[in-house]
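Here's a quick briefing to read alongside the model. Have the viewer open and click through as you go.

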Amino acid sequence: MVIPIIVTLITLAGAIIVPRLHSNADDLRRAESLTSVLDAMPPSTQRRLLEQLRDDHATVWALRQAAPLLPTMRSVGSVAYAAGIVVLIVGVVYLLAAPGHQWWFWLVYIGGVADILVGWLVHRFRTGRRRTWMAAELQRLGLRLPIDARLRREVSGPLVGEVSPRAGTPP
């Protein structure tokens, strides 16, 4: 009875913690902190590099804010993800309420994990559509690709997939 509870708690912890680790909402804050660092720097190549990085953070933040929200996909993904977490919690609570070997628990666990997986897949598809939009917008505006690899990944869709990291401009 202890193993199913431990497996479920690890799954729940991963399902709750991992999305928080991949949050990129602080790009504007990074741009602001780079601005304060730049104020104290004399003109140099390092300063120009930091200015580009600051501009990239601000641009990516602005593109992310302007990207279509796709509310239906967001709702479906969130509901599936939350339903999976609830199913896992209910399965553990019921297992604790009815001690003993419960063969059905693993079916409930697989159902909860499947719900979480569906929510994650919908989120990935939504993110891919938003990145494609951001890549097209980056091209449309004639902006260069960000110099930072994480920021470049954030705005890269199939339109800019072939660009080398050092190219500096979209195709």
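**Helix α1 and its outward side**

Isoleucine 10 sits in helix α1, which covers residues 2–21. Keep in mind that you're looking at a predicted model. With a relative accessible area of 59%, isoleucine 10 counts as exposed, because the cut-off for that label is over 50%.

- Isoleucine 10 has company out there: together with Val2 and Ile6 it makes up a nonpolar patch on the surface.
- Taken together, Val2, Ile6 and Ile10 offer about 310 Å² of accessible area.

**Overall layout**

- The protein chain has 6 helices and 0 strands, so there's no sheet to assign when helices and strands are taken as DSSP runs.
- Going along the sequence, the pattern reads α-α-α-α-α-α.
- The protein chain is 171 residues in length, and 30% of them count as buried.
- Its accessible surface adds up to about 10600 Å², with 67% of that belonging to carbon and sulfur atoms.
- Take the contacts with a separation of 6 or more: 71% of them come from residues 24 or more positions apart.

**The largest nonpolar core**

- Which residues make up the largest nonpolar core? There are 11: Ile5, Leu12, Ala15, Ile85, Leu88, Val92, Leu95, Trp104, Phe105, Tyr109 and Ile116.
- Helices α1, α4 (71–97) and α5 (105–141) each put in at least two residues.
- The top contributor is α4, which gives 4 residues to this core.
- As general background, nonpolar side chains in soluble globular proteins tend to be buried together.
- Zooming in on isoleucine 5, you'll find it touching Val92, Leu95 and Leu96, leaving aside residues up to four places away in sequence.

**The second core and valine 60**

- There's also a second, separate core of 8 residues, including Val60, Leu63, Leu145 and Val155.
- Valine 60 belongs to helix α3, residues 45–66.
- Is valine 60 buried or exposed? It's buried, at a relative accessible area of 1%, because anything under 20% gets that label.
- Skipping residues up to four places away in sequence, valine 60 touches Asp27, Pro146, Leu151, Glu154 and Val155.
- Valine 60 and leucine 138 are 78 residues apart along the chain, yet their C-alpha atoms are separated by 9.4 Å.

**Aromatic pairs**

- How many aromatic pairs does the structure hold? The count is 4.
- One of them joins tyrosine 94 and tryptophan 104: this pair is tilted, at 5.2 Å centre to centre and 55 degrees between the planes.
- That pair links distant parts of the chain, with tyrosine 94 in helix α4 and tryptophan 104 in the loop between α4 and α5, 10 residues apart.
- Tryptophan 104 is buried, with a relative accessible area of 19%; the label holds because the cut-off is under 20%.
- Phenylalanine 105 and tryptophan 106 form an edge-to-face pair, at 5.2 Å centre to centre and 75 degrees between the planes.
- Phenylalanine 105 is buried at 1% relative accessible area, whereas tryptophan 106 is partly exposed at 36%.
- Ring pairs also tie Phe105, Trp106 and Tyr109 into a cluster, and Phe105 and Tyr109 turn up again in the largest nonpolar core.

Note on methods. Residues are numbered from 1 along each chain as its sequence is written. This is a predicted model: local features need pLDDT of at least 70, side-chain atom pairs count only at pLDDT 80 or more; totals for chains, interfaces and linings use all residues. Side-chain values use heavy atoms; hydrogens and water are left out. Patches are made of residues with over 30% relative accessible area and no salt bridge: like charges are joined within 9 Å, nonpolar side chains (Val, Leu, Ile, Met, Phe, Trp, Tyr) within 5 Å. Accessible areas come from the Shrake-Rupley method with a 1.4 Å probe; for residues, only the protein chains shown count as cover. A salt bridge is a side-chain nitrogen of Lys or Arg within 4 Å of a carboxyl oxygen of Asp or Glu. Buried means under 20% relative accessible area, exposed over 50%, partly exposed in between (1.4 Å probe, protein chains only). A nonpolar core is a set of buried Ala, Val, Leu, Ile, Met, Phe, Trp, Tyr and Cys residues joined through side-chain atoms within 4.5 Å. Contact means heavy atoms within 4.5 Å. Rings of Phe, Tyr and Trp (its six-membered ring) pair if their centres lie within 6.5 Å; planes under 30 degrees apart count as stacked, over 60 as edge-to-face and the rest as tilted.
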